[in-house]
Amino acid sequence: MLFFKPVLSQVSSNDPNVTTLQLSHKKLTDKLLVQLSDALQTNSTINEIWLTNNYISESGAGYFANALENNTTVTEVYLGGNKIGTKGALSVANLLQRNRVIREVGLEDNDICDGGAKALAEALVGNDTLQTLKLNGNKINSEETLKSIKEILQKNRDAARKKLPPSHQGTAISKPPKKSSSSRKSRSRSDKDRSKSGSGGEKERDRDRDRERRSRKSSSQSTTAAEAASSLATAAEAASSLATASAATSDAAGSSSPGAQPTTSPSTSGFKKFTNFLSGNSSNKDVAKKDSLKNHDYEKVSAFV
């Protein structure tokens, strides 16, 4: 048992850093327990001893219990899962009659019968320190004995609680209040609404961008059409001005030569047809010659201008 020597050395030297002996599931035998018991007689730092699920019998338990009778630091002893039997329980009962420091003892799954349980109950009558005694998994059939043990342990716990300062009596750890299911559902709905509003906002922004693009396109087309109409109106105004000037010239020529018949130049006739076409007053014949006027008379007017 390589692990055991360092532990034994620490216990024997009263190492202040070692306050708990964790020796459960170590295949610890009665022989090793005797060595540990001897070291515990001079130790003043160990508070807890765990010896569960080992190979400890009634003899080893007896030697161990005798070593702890005068110990003033060990408060918790756990021997569950061994084979101490009823005789081992009697040794523990003797320990509890003399020791006034131990508060918790574990003896579960140890083949203890009614005789061992009765001895423990009698030992507890004069013990006001022990608060926990674990006996489950044994062969105890006496309900009366178990009830007696339970009542004594409860009385010891109540007495220990009264010895605590007033600020510690009945102290309970307060837990944060649980959120109601309605609150969780409301939060869940809020999260879903925010999610929906987020996706809806994206769609709305997409629609706004589409409307803005269509508006810009329509505005651009309207501007182009307006510019074309403005250019056409300007051309019509210029043509009207030229016609007025030409008519004035003809009137002046007629008035200077009495009896002379007014003449109309070919250029003036073509120009009038063009202005009538622009103003929408052209005859059906003129409309029929629309293409010809665009291609020929407009060139004549241009030459005239």
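1. A small backbone detail makes a good way in: Asp-111 sits in the loop that runs between strand 4 (104–106) and helix 5. Its phi is near 60°, a positive value in a residue other than glycine. Most residues other than glycine have a negative phi, so this loop deserves a look on your screen. With 31% relative accessibility, Asp-111 counts as partly exposed, because that class lies between under 20% for buried and over 50% for exposed. Please keep in mind throughout that this is a predicted model.

2. His-25 invites the same kind of look. Although not a glycine, His-25 has a positive phi of about 55°. Where is His-25 placed? This residue belongs to the loop between strand 1 (20–22) and helix 2. His-25 counts as exposed, because its relative accessibility is 59%.

3. Now for the overall picture. The protein has ten helices and five strands. Of its 305 residues, 30% are buried. Take the contacts between residues at least 6 apart in sequence: 81% of these join residues at least 24 apart.

4. Next, the interior space. How many cavities of 30 Å³ or more does a search of the whole structure find? The search finds one, and the largest cavity holds about 50 Å³ of space. Its lining is made by Phe-64, Ala-65, Val-77, Leu-79, Val-92, Leu-95, Ile-102, Val-105 and Leu-107. Two elements, helix 3 (58–67) and helix 4 (85–98), each give two or more residues to that lining. Sorted by class, the lining has nine nonpolar residues, with no polar and no charged ones.

5. Val-92 is a handy residue to follow from here, since I would like to move from the cavity to the helices. Val-92 lines the largest cavity and has its place in helix 4. Its relative accessibility of 4% is why Val-92 counts as buried. Leaving aside residues up to four places away in sequence, Val-92 touches Ala-65, Val-105, Leu-107 and Leu-120. For one of these partners, Leu-107, the chain separation is 15 residues and the C-alpha atoms are 9.3 Å apart.

6. On one side of the story is helix 3. Its buried residues are Gly-60, Ala-61, Gly-62, Phe-64, Ala-65 and Ala-67. These buried residues pack against helix 2 (30–40), strand 2 (48–50), strand 3 (76–78) and helix 4. The axes of helix 3 and helix 4 come within 8 Å and cross at roughly 5°, which means that helix 3 is roughly parallel to helix 4. At this contact, Glu-58, Ala-61, Gly-62 and Ala-65 of helix 3 meet Lys-87, Gly-88, Ser-91, Val-92 and Leu-95 of helix 4. By class, the contact comprises four nonpolar, three polar and two charged residues.

7. Helix 4 also packs with helix 5 (residues 114–124), at an angle of about 0° and with the axes 8 Å apart. These two helices are therefore roughly parallel to each other. From helix 4, Thr-86, Ala-89, Leu-90, Val-92, Ala-93, Leu-96 and Gln-97 take part; from helix 5, Gly-115, Gly-116, Ala-119, Leu-120, Ala-123 and Leu-124 do. Which classes make up this contact? There are nine nonpolar and four polar residues here, and no charged ones.

8. To tie the points together, I would come back to Val-92. Val-92 appears in the contact of helix 4 with helix 3, in that of helix 4 with helix 5, and in the lining of the largest cavity.

Definitions and conventions
Residues are numbered from 1 along each chain as its sequence is written. This is a predicted model: local features need pLDDT of at least 70, side-chain atom pairs count only at pLDDT 80 or more; totals for chains, interfaces and linings use all residues. Side-chain values use heavy atoms; hydrogens and water are left out. On a 1 Å grid over the protein atoms alone, a cavity is a set of points where a 1.4 Å probe fits but cannot get out, and a pocket is an open set with protein on both sides within 12 Å along at least five of seven lines; lining residues have an atom within 4 Å of a point. Grid points are joined across faces, edges and corners, and a volume is the space filled by probe spheres set on the points. Helices (H or I, at least four residues) and strands (E, at least two) are DSSP runs, numbered from the N terminus. Ala, Val, Leu, Ile, Met, Phe, Trp, Tyr, Cys and Pro count as nonpolar, Asp, Glu, Lys and Arg as charged, and the others, Gly among them, as polar. Buried means under 20% relative accessible area, exposed over 50%, partly exposed in between (1.4 Å probe, protein chains only). Contact means heavy atoms within 4.5 Å. Axes are lines fitted to C-alpha atoms, for helices over the stretch in contact, and angles run from 0 to 180 degrees between N-to-C directions. Angles under 35 degrees count as roughly parallel, over 145 as roughly antiparallel, 65 to 115 as roughly perpendicular and the rest as oblique.
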